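User: Please take a close look at one helix and at what surrounds it. Short sentences would help, as I am in my first year.

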Amino acid sequence: MPADIPDTSSTSNTPDSPEHFEHHAPIKHCKNCGAAVVYRIPDDGDAKQRAICPSCQTVHYDNPLIVVGTLPVWGEQVLLCKRNIEPRRGRWTLPAGFMELSETVMQGAARETVEESGAQFEMGNFFSMVNVAEVGQVHLFYLAQLQSDHFEPGPETLEARLFAEDEIPWDEMAFRTVAQTLKCFFADRRAGQFVTHIIDID
Ligand code: ZN
């Protein structure tokens, strides 16, 4: 799989960090007993500071979050959703959100697409994996083939509509992960072949 170097020069108008849905808040209380935790290196050879409960000794690990979504396609156009929630309310995004427990990546991407756009679609190939290491997130996007141009956006979306490439509101994108995924999509379409993209955003 080819690795893509983010073209930061062409995304200078999209938001800079911090970004992406929400940040990890530090763990404050033990999930096991509720006591206030302390941050220190565990005694088991670990190299990182962890939130450790001084009462029941539980060690809490804070790991990256996975965001799943789709890039829905209708002919020459793609579907974008205008966010009705913070962060980045009023900006455009692909339908995406946090993966839930007990679902696959594809199921989560489909669920988010239904919730945010009300679109009818068929899931396509896996398209992009975007590492946002600085904020501890990985964003995963599938292609999706729209079956209709009728949308029924949910409460998290102000508007769901189709855009041709020259209509994309690049200056009003919510997230660089979305902008980079869209740039890869249009570049692949010009090249006549869709491949899988691995993108690192810092
Ligand atoms: Zn505890």
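Analyst: Here is the helix, then the core, then two sets of strands.

This is a predicted model, in which local features need pLDDT of at least 70, side-chain atom pairs count only at pLDDT 80 or more, and totals for chains, interfaces and linings use all residues. Residues are numbered from 1 along each chain as its sequence is written.

Start with helix H1, residues 105-117. Helices (H or I, at least four residues) and strands (E, at least two) are DSSP runs, numbered from the N terminus. H1 has 13 residues and reaches 18 Å from its first C-alpha to its last. That is close to the 18 Å expected at 1.5 Å a residue; the expected span is 1.5 Å times one less than the number of residues. Just after H1 comes Gly-118, with a positive phi near 65 degrees.

Which residues of H1 are buried? They are Gly-108, Ala-109, Ala-110, Glu-112, Thr-113, Glu-116 and Ser-117. A residue is buried if 20 or more other C-beta atoms, placed from the backbone, lie within 10 Å of its own. The cover over them includes strands S5 (65-74), S6 (77-83), S8 (96-98), S9 (121-132), S10 (137-146) and S11 (157-163).

H1 also feeds the largest nonpolar core, supplying at least two residues, as do S5, S6, S9, S10 and helix H2 (176-191). Such a core is a set of buried Ala, Val, Leu, Ile, Met, Phe, Trp, Tyr and Cys residues joined through C-beta atoms within 7 Å. This one has 32 residues, and Leu-71 and Val-178 touch the most other members. S10 gives the largest share, 6 residues. Leu-71 touches Val-78, Leu-94, Phe-127, Phe-141, Leu-143, Ala-144, Thr-181 and Phe-185, leaving out residues up to four places away in sequence. Here, contact means C-beta atoms, placed from the backbone, within 7 Å.

S9, part of the cover over H1, runs parallel to S12, and 5 bridges join them. Two strands pair if DSSP finds at least two bridges between them. Val-132 stands opposite Ile-201 in S12. Along S12 (residues 197-201), side chains alternate. His-197, Ile-199 and Ile-201 point to one face and are buried. Ile-198 and Asp-200 point to the other and are not.

Finally, an open sheet of 3 strands has the order S2-S3-S4, paired antiparallel. S2 (38-40) and S4 (59-60) are at the edges with a single partner strand each, so one side of each has no neighbour in the sheet. S3 (residues 50-52) pairs with S4 over 2 bridges. Ala-51 stands opposite His-60 in S4.

Technical notes. Buried ≥ 20, exposed ≤ 12 C-beta atoms within 10 Å, placed from the backbone. Contact = placed C-beta atoms within 7 Å.
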